[in-house]
Amino acid sequence: MLDLRQLRENPDQIQARLNQRQGHYDIQPIVQLDQQQRSLEQERSQLQARSNEIGKLVGQKMKTDPQGAETQALREEGSQVKAKIGELETQEKALEFQLQPLLLALPNLPSSTTPIGASEDENLEVRRWGDEYLPQSSQLLPHWEIGEKLGILNFERSTKIAQSRFVTLIGAGAALERALIQFMLDRQTAAGYIEVIPPFLVNSQSLLGTGQLPKFAEDLFKCDSDDLWLTPTAEVPVTNLYSNEILPAEALPIYHCAYTPCFRREAGSYGRDTRGLIRLHQFNKVELVKFVHPSTSEAEHQTLVQNAEAILQALQLPYRTIELCTGDLGFGAAKCYDLEVWLPSASKYREISSCSNFGDFQARRANIRFKEAGQKGTQLLHTLNGSGLAVGRTMAAILENYQQPDGTVRLPEALQPYLKREIL
RNA sequence: GGAGAGGUGGCAGAGUGGUCGAAUGCGACGCACUCGAAAUGCGUUAUCGGGGUGACUCGAUCGUGGGUUCAAAUCCCACCCUCUCCGCCA
């Protein structure tokens, strides 16, 4: 959520920065509603002051002269003031009802350091790593064929259990998934992230806090009879760990990593990536989440990206780091780097991690603040998160990049101790 | 799921219709005393919104949302959460 005060003080500047994004956002209605709301509020709080005064006066009179004409007159005035306040409150609520959804639907402002561009075509490749590990053979199979041949992935039977876009991992496949989760958590906890296992179901308030709601409800699975949704990413439960809290400044930075399954409806992506592990309704992910002092968030973002990249490097998977331009930036992000791993079957780099700095956007929605000892007031902190990494896509990359002519798959050295074998 | 109890400031805890943003204690911070510390004394110690350059000022907030009333932490209704007992359950 954007700062309403900033919005009314620098509307042109805010509008210009929103215009750098894809899509049209008009802040004019918000500025107007805010104006109306404030003038109503002024009027109402004056009346309320009078109402409080009457209350006190009547309180005094009730002791000495409860039936007196003056007392009755005050009570009468109190009733009228109260009625007027009621009217104003109704109007104010109606305005709030219009304003709040508009405000919640506005995306974050791109950071001043985010490259300006209209679409993903103008994203910047920041660096590329691991060219020497690119597979040389031209006879490469896609990972779903490798997995099915090895009997470690089963998509067909999963549709009986659930639907299309689900997978069942079997034998060494299940073990590899589990090993990857363990490996990633081991690395990230060694890098200083405190592991958490949060609830996998989250309420609407939490989704509002991180920005999935109200705009992206159709991408989520909802539990029908409760105010609970399946979490689309650990970002939601982990960021909301501290919602509505005021942390002491000394507590920052806070680093968390979390393994969770993630559930996404993938509405509107029918026909895209229909095969394999790339786009499933349920997938595993290890997420990194940081809560930091605003002055450090830029530097914290860089190290977060490095922490995610470290996993790909340890697995010796070729990848590149992309800096998203303003036109491709996610809803809540001020700045974002994507990591893309090489998928030989598609001859393409595919996203395997997305590392965003949200600035105070989520903190304002979720009301996460900190207080500096000895200083007056509170400040919003900055939140950041990134995948470290998406586990299913990592498995896909391993199967494809490490496949051998005989149909087997060599395991990355870093994983061999976890699986106690070298070949799948 | 059934029965009961309860949700008040950083914490503990009083407050059952009126001057209560809220006693008291603890903690924290400042000052005094001290060579220093402890003890003691005095003082400060929530958040949000509006107005004002500012000193300041108005309003809101006692789990959340409604209601009754001139007036609600206090009464009524709904919901959420916590605890105890029973049932069920990995």
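**Contacts with RNA strand B and the geometry of helix α10**

In this predicted model, a polar side-chain atom of K371 lies 3.4 Å from a phosphate oxygen of RNA strand B. K93 also reaches the backbone of the strand: an N or O atom in the K93 side chain is 2.9 Å from a phosphate oxygen. G55 makes a contact with a base instead. A backbone N or O atom of G55 lies 2.7 Å from a base nitrogen of RNA strand B.

The wider surroundings of the strand comprise 26 residues. R8, R38, G55, K82 and T378 are the closest. Of the RNA strand B atoms that come within 4 Å of the protein, 67% belong to sugar and phosphate.

Four elements each supply at least two residues of this surface: α1 (4-9), α3 (28-64), α4 (69-104) and β14 (368-371). Helix α3 gives the most, with 15 residues. By residue class, the surface near RNA strand B divides into 11 charged, 10 polar and 5 nonpolar residues.

Helix α10 was examined separately. This helix covers residues 297-314, 18 residues in total. At 1.5 Å a residue, α10 should span 26 Å. The C-alpha atoms at its ends are 26 Å apart, so the expected and modelled spans agree. Buried positions in α10 are S297, E300, H301, L304, V305, N307, A308, E309, I311 and L312. Q316 follows the helix and has a positive phi, near 55°.

How values were computed:
Residues are numbered from 1 along each chain as its sequence is written. Chains are lettered from A and ligands numbered from 1 in the order in which they are written. This is a predicted model: local features need pLDDT of at least 70, side-chain atom pairs count only at pLDDT 80 or more; totals for chains, interfaces and linings use all residues. Side-chain values use heavy atoms; hydrogens and water are left out. A residue is near a molecule or strand if one of its heavy atoms lies within 4 Å of it. A polar contact is a pair of N or O atoms within 3.5 Å; within protein, one must be able to donate a hydrogen and the other to accept it, and residues adjacent in sequence count only if both atoms are side-chain atoms. Ala, Val, Leu, Ile, Met, Phe, Trp, Tyr, Cys and Pro count as nonpolar, Asp, Glu, Lys and Arg as charged, and the others, Gly among them, as polar. The expected span of a helix is 1.5 Å times one less than its number of residues. Buried means under 20% relative accessible area, exposed over 50%, partly exposed in between (1.4 Å probe, protein chains only).
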